[in-house]
Amino acid sequence: MMTGQQYKDSLKDGRKVYFEGRLIEDFATEPALAVPMEVAAEGYDKYYSAEPGARNPVITAPRSAAELRDKIPELLEMDLLLNVTYQSVMTLIVASSRIESAAPEYLPRINAYIKKALEDDIRITECITDAKGNRSQAPAKQDDPDAYVRVVRRTPDGVVVRGAKLHISAAALGHHLMVMPTKTMKPGEEDYAIACAIPVNAPGVHITNTTYHPSGGDDRDFPVSSKKSVPDSMCIFDDVFVPNEHVFLDGPVEHAAVFAHSLGLWERLGGTAFMVEQADELVGLAQLIAEANGTHRISHVREKIDEMIIHATLLRAGLEAALLHAHATPEGYYYPDDMYTNVTKYQGATQFSRMVRHLHDIAGGAVLTAPSMADFDNGTLRPFLEKYMSTGKDVGGEYRTRLFHAIRDTTADAYGGWHHVTNIQSGGGLFAQRLVTRRHYDMDRAKHLAFKAAGLAGG
């Protein structure tokens, strides 16, 4: 296993990582990369063991529904880089069981890769969403054939791939990129049915980065995003060679979607677990700021908080149902129920904006206009700020201002905007969740009940 320092040293491997157009050779010099690097390093130290043959204890596939349930607190405690590594490993485990009968030649490679990745204690980020070009055209019909990642050349030793993957969280901070098809492929699109692992520092790999990390100012004004930001990347593959041992699917179009479906399941579980915590956090912020404003007993404020509580409780119930109805792979690994996971993720995403609207309505305009924390450091200003930001002897001005900054940072600034988009798009977007829900819903039973209610044959 690696220590946090060894992890940070491992990133100095010649990788081509860019931020705001600049090639970044030392992450420590760029706060937007240094902060998430330090968080990931802390994750390494948290689970480090010097015992020979030790492996990260949280990257283990659950062997029962109870073990799967026990994973939820771990998922919430993991740094995002470790979380996506866990998702990548679980994706390979589930996908390998689904292609075993039809494409058994890939199983030894997948199993050997998982074993080596765990032994080396590397971090892996999943790369699924392609550039896609014209969304109305299939991969093979694009004006630019590189709109989807594809194999441009095959050799006896491996394949050469070209294209780009977008929206890849923490890609710059990991060691390998787990590339997989973004969708179902059809005959004639064999070159696009490629799943493989690519080292971040492989020749031809270029990674750009965007971030919601505060670009300046006082970290106290950004109490959340200044401590837990993670960059999102475009991963460009400019004729990158991938050896056979890192190729997990090449050509069988009928299995192209297996990896995406397997990944989507684990992403949505993690996303759902986070949404449950996030919903409770929004309730807490709403209650605290209502109390600080002196409005917590007003009926319409109470009604909004009640609605937020109901939303949070329904999300938790959906997560519980997904865990209660967990399924096992043929190898005995457990994963959450597809339908309940997707329904809960969909509900959380579609109602997030409404819950934030309630919070903003309860809090008021000071969410955006509250004085900075540095203003409280000014000896002339502080007495005035304490006087006018206070709402009584039990609610200090600085206390109330800190609540406003927490609300703004998490819901009304760059980090809040990031959540508005990622809550909808992560795990495949709303359409994908509707698709999976319809596929698993017992429509025959619903129709039977409807026939019965109408007194028609079939009931």
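A salt bridge is a side-chain nitrogen of Lys or Arg within 4 Å of a carboxyl oxygen of Asp or Glu. Keep that in mind for the close-ups of this predicted model.

**View 1. Glu320 and Arg69 make a salt bridge.** Look for the spot where the closest N and O atoms of Glu320 and Arg69 sit 2.5 Å apart. That distance is within the 4 Å cut-off, so the pair counts as a salt bridge. Across the interface of domain 1 and domain 2, the rule picks out two salt bridges.

**View 2. Here are the two domains of the chain.** Domain 1 covers 4–252, and domain 2 covers 258–447. Their C-alpha centres are 26 Å apart. Where the domains meet, domain 1 brings 40 residues to the contact and domain 2 brings 39. Put the two together and about 3,700 Å² gets buried between them, with carbon and sulfur atoms giving 67% of that area.

**View 3. This one zooms in on the side of domain 1 that touches domain 2.** Start with the polar contacts: nine residue pairs make them across the interface, with both partners at pLDDT 80 or more. Which elements each supply at least two residues of this side of domain 1? They are α3 (65–77), α4 (80–99), α6 (225–228) and β10 (247–250). Of these, α4 gives the most, with 11 residues. Sort this side by class and you get 24 nonpolar, six polar and 10 charged residues.

**View 4. Tyr148 and Tyr192 form an aromatic pair.** Six aromatic pairs turn up when the whole structure is searched. In the pair shown here, the ring centres of Tyr148 and Tyr192 are 6.4 Å apart and the planes sit at 85°, so the pair is edge-to-face. Planes have to be over 60 degrees apart to earn that label.

**View 5. Now see where those two tyrosines sit in the chain.** Tyr148 is in the loop between β3 (124–127) and β4 (150–155), while Tyr192 is in the loop between β6 (176–179) and β7 (194–199). The pair therefore ties together parts that are 44 residues apart in sequence.

Conventions
Residues numbered from 1 in each chain as written. Predicted model: local features only at pLDDT ≥ 70, side-chain atom pairs only at ≥ 80, totals over all residues. Heavy atoms only, no water. Domains from an automatic or database assignment. Contact = heavy atoms within 4.5 Å. Buried area = accessible area lost by both parts, 1.4 Å probe. Polar contact = N/O pair within 3.5 Å; in protein donor to acceptor, adjacent residues only side chain to side chain. Helix = DSSP H or I, 4+ residues; strand = E, 2+ residues; numbered from the N terminus. Nonpolar A, V, L, I, M, F, W, Y, C, P; charged D, E, K, R; others polar. Phe/Tyr/Trp six-rings, centres within 6.5 Å; stacked < 30°, edge-to-face > 60°.
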